[in-house]
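The following paragraphs lead through the strands, the helices and the charged side chains of one structure. Please keep the sequence and the model in view while reading.

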Amino acid sequence: MKITSFEQKVEGRVVNVSSTGHHFVNKGTFSDQINDESSYSHIHAYGLSKLANILHANELARLLKEEGVNITVNSLHPGFIVTEIFRNFGIFKVLCNAILRHFVKDVSQGAATTCYLALNPKVKGVTGEYFSDSNLVKPSSNAMDPMLGKELWEFSLSLTTTK
């Protein structure tokens, strides 16, 4: 992307899909929480993964901006969409399907903010932000913590880099 953006003189865009589920996570460290089987909770794991999506976007945005690269990186909440996310929740799934189906978005409505961030000229140059319903919104304080973003980045590198 860096080479293409430079050679074509166009802005590259990275869009991370997250969720308001990132609010399910209390302050802590990724290295302490990511593989802790003793306190595993599917809701916490989901929230941690969505928080990681936002923190990754923010840290990548910071690094690319520091390098002077013409690539923006943002994250978003697509809304509550009809998916199989509750497939293993038993009675909760039945209740969700019966009640919440009147309040959820369809697939194209859910994709709207992703498309907006990827294509709309109004967000040219906007980077390291969080959106919902094609609007800039404020995520949790954890999601805006640059030290937590750096920690996640370093932790991810430690898992993926061979020594």
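**Buried charge, sheet and helices**

In this predicted model, Glu11 counts as buried, because its relative accessibility of 18% falls under the 20% cut-off. The side chain of Glu11 meets that of Arg13 in a salt bridge, with 2.8 Å from N to O.

Arg13 falls within the residue range of strand β1 (12-17), and from there the sheet can be followed strand by strand. The sheet is open and consists of four strands in the order β1-β2-β3-β4, with mixed pairing. Because β1 and β4 (135-136) stand at the edges and each has a single partner strand, one side of each is left without a neighbour in the sheet. At the β4 end, strand β3 (residues 130-132) pairs with β4 in the antiparallel sense over two bridges, and Phe131 has Leu136 in β4 as its bridge partner.

Two helices lie across the strands β1, β2 and β3: helix α3 (residues 42-67), which runs at about 160° to β2 (71-77), and helix α5 (residues 107-119), which runs at about 160° to β1.

How many salt bridges does the model contain? The count comes to five, and the pair of Glu11 and Arg13 described above is one salt bridge. Another joins the side chains of Lys2 and Glu67, at 2.8 Å from N to O; this pair links distant parts of the chain, since Lys2 belongs to helix α1 (residues 2-8) and Glu67 to helix α3, 65 residues apart. Both ends of this link count as partly exposed, because the relative accessible area is 40% for Lys2 and 49% for Glu67.

A further salt bridge, at 2.4 Å from N to O, brings together the side chains of Lys105 and Asp133. Here too distant parts of the chain are linked, with Lys105 in the loop between α4 (91-99) and α5, Asp133 in the loop between β3 and β4, and 28 residues separating them. The two ends fall into separate classes of accessibility: Lys105 counts as buried because its relative accessibility is 18%, whereas Asp133, with a relative accessible area of 47%, is partly exposed. Elsewhere, Glu59, Arg62 and Glu66 are joined into one network by salt bridges that share partners.

Aromatic rings also enter the picture, with a count of one aromatic pair. In addition, the charged end of Lys9 sits over the ring of Phe6, at 5.8 Å from the centre of that ring.

Conventions. Residues are numbered from 1 along each chain as its sequence is written. This is a predicted model: local features need pLDDT of at least 70, side-chain atom pairs count only at pLDDT 80 or more; totals for chains, interfaces and linings use all residues. Side-chain values use heavy atoms; hydrogens and water are left out. Two strands pair if DSSP finds at least two bridges between them. Contact means heavy atoms within 4.5 Å. Axes are lines fitted to C-alpha atoms, for helices over the stretch in contact, and angles run from 0 to 180 degrees between N-to-C directions. Rings of Phe, Tyr and Trp (its six-membered ring) pair if their centres lie within 6.5 Å; planes under 30 degrees apart count as stacked, over 60 as edge-to-face and the rest as tilted. A charge sits over a ring if NZ of Lys or CZ of Arg is within 6 Å of the ring centre and within 35 degrees of the ring normal. A salt bridge is a side-chain nitrogen of Lys or Arg within 4 Å of a carboxyl oxygen of Asp or Glu. Buried means under 20% relative accessible area, exposed over 50%, partly exposed in between (1.4 Å probe, protein chains only).
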